[in-house]
Amino acid sequence: MTTTTMRALDATTGAVRVEDVYDTDIEDLWDACTTPERLARWIAQVSGDLRVGSTIEMTFTSTWSGPGRIDACERPHHLLVTTFAGTDRECEIEAWLTAEGARTRLVIEERGLPLDELHIHGAGWQAHLEDLGRSLELDGTAHPDGWSATEPSPHWRRRWTELAPSFKNADVS
């Protein structure tokens, strides 16, 4: 089950942290988080030079798009991407993967978000991690509702819309 927490970093910015445990090994989950074709199935289209220090372009299922710089890529445990580096919109998206037997825990934290928008991002990240779970279960096969894990999830917007009201009323620590 995906858990999401939101916290203030200072008077104007905050962080969203999501985590879940998936029924797959760490190498498979790492590939789902770093291979462009697999990323596109659950969160974003990614293009550019996929090396540490390089800039990439990202277009998320949520329709957010922008540049990111890969700051760390330590297979299969740690990934750090800075969006809008060097601007007043700079954010960090950091992922940690930890093997737990045959399963893998994924923790993602996005930092530097406007405090008054945390609820929007909290609902969005939870919907993304749920889509990741569906993508891993499908492994390229067709879902009963017609969705195939070889194409972006059609579930994100519906799920975000369901989650958003509860996140708006959630506590920010």
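**Exercise 1. Classify T63: is it buried, partly exposed or exposed?**

*Solution.* T63 has a relative accessibility of 61%. The cut-off for exposed is over 50%. T63 therefore counts as exposed. Keep in mind that this is a predicted model.

Next, place the residue. T63 sits in the loop between strand 4 (55-60) and strand 5. Now check the backbone. Phi of T63 is positive, about 90°, although the residue is not a glycine.

**Exercise 2. Which loop holds F84, and is F84 buried or exposed?**

*Solution.* Start with the position. F84 belongs to the loop between strand 6 and strand 7 (91-100). Then take the accessibility. The relative accessible area of F84 is 15%. Buried means under 20%, so F84 is buried.

Finish with the backbone. F84 is a residue other than glycine, yet its phi is positive, near 50°. Set the two loop residues side by side: T63 is exposed, whereas F84 is buried.

**Exercise 3. Find the residues joined by a cis peptide bond. Where does P76 lie?**

*Solution.* Look at the bond between R75 and P76. That peptide bond is cis, with omega about -10°. Now locate the proline. P76 is in the loop between strand 5 (65-74) and strand 6 (78-83).

**Exercise 4. Describe the fold as a whole. How many helices and strands does the protein have?**

*Solution.* Step one is the count. The protein has 4 helices and 8 strands. Step two is their order. Along the sequence the pattern runs β-β-α-α-β-β-β-β-β-β-α-α. Step three is compactness. The radius of gyration is 15 Å, and the globule rule gives 16 Å for 173 residues. The two values are close, so the protein is as compact as a globular protein of that length.

Step four is the outline. The C-alpha atoms fill a box of roughly 45 × 35 × 30 Å along the principal axes. Step five is burial. Of the 173 residues, 47% count as buried. Step six looks at contacts between residues at least 6 apart in sequence. Of these, 48% join residues at least 24 apart.

**Exercise 5. What share of the accessible surface belongs to carbon and sulfur atoms? How many side chains are positive and how many negative?**

*Solution.* The accessible surface comes to about 8700 Å². Carbon and sulfur atoms hold 52% of it. Now count the charges. There are 16 positive and 30 negative side chains. The centres of the two sets lie 2 Å apart.

**Exercise 6. Trace the contacts of T4 and F167. Which residues does T4 touch beyond four places in sequence?**

*Solution.* First place T4. It lies in strand 1 (residues 3-8). Beyond four places in sequence, T4 touches V16, R17, V18, G122, Q126 and F167. Pick R17 from that list. T4 and R17 are 13 residues apart in sequence, and their C-alpha atoms are 5.6 Å apart.

Now move to F167. This residue is in helix 4 (residues 156-168). Its relative accessibility is 8%. That is under 20%, so F167 counts as buried. Leaving aside neighbours within four places, F167 contacts T4, M6, H119, G122, A123 and Q126.

Compare a pair with a wider spacing. F167 and E57 are 110 residues apart in sequence, with 28 Å between their C-alpha atoms.

**Exercise 7. Compare T24 with D28. Which of their contacts are listed beyond four places in sequence?**

*Solution.* T24 is in the loop between strand 2 (13-22) and helix 1 (26-34). D28 is in helix 1. T24 is buried, with a relative accessible area of 13%. D28 has 23% and counts as partly exposed.

Now list the contacts. Leaving aside neighbours within four places, T24 contacts L29, A102, R103, T104 and L136. On the same basis, D28 contacts R38 and L136. L136 is on both lists. D28 and T104 are 76 residues apart in sequence, and 9.2 Å apart from C-alpha to C-alpha.

**Exercise 8. Which residues does the UniProt domain annotation cover?**

*Solution.* The unreviewed UniProt entry gives the annotation "domain: Activator of Hsp90 ATPase homologue 1/2-like C-terminal" for residues 23-135. Turn to the model for the composition of residues 23-135. The span is 30% helix and 43% strand. Its end C-alpha atoms lie 12 Å apart.

How values were computed: Residues are numbered from 1 along each chain as its sequence is written. This is a predicted model: local features need pLDDT of at least 70, side-chain atom pairs count only at pLDDT 80 or more; totals for chains, interfaces and linings use all residues. Side-chain values use heavy atoms; hydrogens and water are left out. Helices (H or I, at least four residues) and strands (E, at least two) are DSSP runs, numbered from the N terminus. The radius of gyration is taken over C-alpha atoms; the globule rule is 2.2 Å times the number of residues to the power 0.38. Buried means under 20% relative accessible area, exposed over 50%, partly exposed in between (1.4 Å probe, protein chains only). Contact means heavy atoms within 4.5 Å. Accessible areas come from the Shrake-Rupley method with a 1.4 Å probe; for residues, only the protein chains shown count as cover. Lys and Arg count as positive and Asp and Glu as negative; His and the chain ends are not counted. The place of a charge is taken as NZ of Lys, CZ of Arg, CG of Asp or CD of Glu. UniProt positions are given in the numbering used here, feature names are shortened, and annotations may be inferred rather than shown by experiment.
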